[in-house]
Amino acid sequence: MLQTFANQVGLAFTNTLLIQERIDLEGRIYESEKLNTLGRLATTMAHEIKNPLSSIKTIIQVLHENAETNDKHDFMLVINEINRLNGVLEKLLSFARSAPANIEHFDVSQVIQETYELLKHQAVKSKIDLKFENQSDIWVMNKRQPFREVIFNLVFNAIQAITGSGSITISIVLKKNQAMETQKKNWPLRRNNYILISVSDTGQGIPPEIRDKIFDPFFTTKTVGTGLGLAIVKRNVSVLHGEIYVIHHEIGTEFLIYLPKEIKDNYDKM
């Protein structure tokens, strides 16, 4: 009787695991289909709007060149708004396009430094102290452009999250021969060295009621923006075979990204 009972318990446990795996698979399929639909919609919208917008910009630029001094300012405002709309469309297209799949050997510190230099002026303008705690000579075999987009979007999002003065800190560290328990049982980090990247800010933080939605496409609490920044971050972290976690501090928010130091082509088939 005890043997039969033990067998039934084991069978129930196995069935529970199988059901959980099926639920997880269905969730991933649903998420993939939803993102594909949004991607197709974004691509169609962007192309349909981009062409007439370019024509409008050309006409406005001609009018600006021929305008009197009093009208030049107004035409320049229109040109700036057109450029802003083009930026939104590029964001949509960036979300819709698949990230480049080529694996490169690159210096993580250098890519972060390039992004730091790009956004430093914006941070100074917003009275934000942008700091990069650099640990040099961290080279990885991964996908450079998706990684660059992750850092850019996280830092840019942090700049927008801070009202008034504040600070943003980027740090990286190499973890050698350290196992890490993750939610993905076949994740490369369980078998390899990995890098840990932190982007923390002293902003207002993320309200508890929206924390589950911050990675959803087009979700935003800001009056400007597309709500695609963190959605692109989540997608690209997956492309890089990494994991991302959010830590909510009393003051500000910290994003932790774990990436394998080396990925191989066969990881893409997992």
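**Note on the predicted model: helix α5, its surroundings and the aromatic cluster**

1. The buried residues of helix α5 are G229, L230, A231, I232, V233, R235, N236 and V237, and since this is a predicted model, that list describes a computed structure. Eight of the eleven residues of α5 are buried, so the helix is largely enclosed by the rest of the structure.

2. What happens to the backbone just after α5? There H241 takes a positive phi of about 60°, and the residue sits in the loop between α5 (229-239) and β6 (243-248). Most residues other than glycine have a negative phi, which is the background against which a reader may look at this loop. H241 counts as buried, because its relative accessibility is 11% and the cut-off for buried is under 20%.

3. A second residue deserves to be read alongside H241, namely K127, whose phi is also near 60°, again a positive value in a residue other than glycine. K127 lies in the loop between α3 (108-125) and β2 (128-133). Is K127 buried or exposed? With a relative accessible area of 63%, K127 is exposed, whereas H241, at 11%, counts as buried.

4. Turning to the interior, the largest nonpolar core has 39 residues, and those with the most contacts inside it are V108 and F147. Elements that each supply at least two residues of this core are α3, β2, α4 (144-161), β4 (166-175), β5, α5 and β7, so the enclosed helix of the opening point, with eight of its eleven residues buried, is also one of the contributors. The largest share, seven residues, comes from α4. In soluble globular proteins, nonpolar side chains tend to be buried together.

5. Which residues does V108 touch, if those up to four places away in sequence are not counted? They are I138, V140, F147, I172 and I195, and F147 in this list is, with V108, one of the residues that have the most contacts inside the core. Apart from the largest core lies another, of five residues, among them I60, I79, I82 and L89.

6. A search of the whole structure finds five aromatic pairs, one of which is formed by Y194 and Y258, a tilted pair with 5.9 Å from centre to centre and 55° between the planes. This pair links distant parts of the chain, with Y194 in strand β5 (residues 194-201) and Y258 in strand β7 (residues 253-260), 64 residues apart. Both Y194 and Y258 are buried.

7. The ring of Y258 also pairs with that of Y245: the centres are 5.9 Å apart and the planes stand at 80°, so this pair is edge-to-face. Here too distant parts of the chain are linked, Y245 being in strand β6 and Y258 in strand β7, 13 residues apart. Y258 counts as buried at 14% relative accessibility, while Y245, at 26%, counts as partly exposed. Taken together, ring pairs link Y194, Y245 and Y258 into a cluster.

8. How far these details can be trusted varies along the model. The protein chain averages a pLDDT of 77, and 69% of the residues score at least 70. Confidence is highest in β7, at 92, and lowest in helix α1 (residues 2-66), at a mean of 69. Where pLDDT is low, the predicted coordinates should not be read in detail. Y258, the residue that takes part in both ring pairs described above, is in β7.

Note on methods. Residues numbered from 1 in each chain as written. Heavy atoms only, no water. Helix = DSSP H or I, 4+ residues; strand = E, 2+ residues; numbered from the N terminus. Buried < 20%, exposed > 50% of the residue type's maximum accessible area, 1.4 Å probe, protein only. Phe/Tyr/Trp six-rings, centres within 6.5 Å; stacked < 30°, edge-to-face > 60°. pLDDT = per-residue confidence, 0-100. Core = buried A, V, L, I, M, F, W, Y, C linked by side-chain atoms within 4.5 Å. Contact = heavy atoms within 4.5 Å.
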